[in-house]
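Visitor: Please put the model up. I have some questions about its charged side chains.

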Amino acid sequence: MEKFEIEEKVVQVLKTVYDPEIPVDIYSLGLIYKIDVADDATVAIDMTLTAPGCSLADFIVEDVRMRVEGLECVRSATVNLVFEPEWDKDMMSEEAKLELGFI
């Protein structure tokens, strides 16, 4: 499977991960900053949270890792929690903004 195909599958699975306090998936919220697929099908993801002090951070990060590693085409996944750049609502998709009443 090509790297771009693996990345598409990763994006699909990320759209099934939700912050339990927000009814929009983390990908549409703009919390995923980078997805790197290596030649050996290992995946590294840089993501952030809507707030640095989120009490559910460990749960969300582990959920992302487990779901991505659950893909048959992925050998392993590493999730890096980053806070640069700081997340803001402008990073959300138009659909997410509509869902949350921002537009």
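Visitor: Is Arg65 buried, partly exposed or exposed, and at what relative accessible area?

Guide: First, this is a predicted model, where local features need pLDDT of at least 70, side-chain atom pairs need 80 or more, and totals for chains, interfaces and linings use all residues. Residues are numbered from 1 along each chain as its sequence is written, and side-chain values use heavy atoms, without hydrogens or water. Buried means under 20% relative accessible area, exposed over 50%, and partly exposed in between (1.4 Å probe, protein chains only). Arg65 is therefore partly exposed, at 25%.

Visitor: Which residue forms a salt bridge with Arg65?

Guide: A salt bridge puts a side-chain nitrogen of Lys or Arg within 4 Å of a carboxyl oxygen of Asp or Glu. Here the closest N and O atoms are 2.5 Å apart. The two residues sit 4 apart in helix α2 (residues 57-69), about one helical turn; helices are DSSP runs of H or I, at least four residues, and strands are runs of E, at least two. The partner of Arg65 is Glu69.

Visitor: Which residues are joined into one network by salt bridges that share partners?

Guide: Asp36 pairs with Lys34, with closest N and O atoms 3.7 Å apart. Lys34 is partly exposed, at 40%. The network joins Lys34, Asp36 and Asp46.

Visitor: How many residues apart in sequence are the parts tied together by Lys3 and Asp39?

Guide: Lys3 forms a salt bridge with Asp39, with a closest N–O distance of 3.1 Å. Lys3 lies in helix α1, and Asp39 in the loop between β1 (32-37) and β2 (42-47), so the tied parts are separated in sequence by 36 residues.
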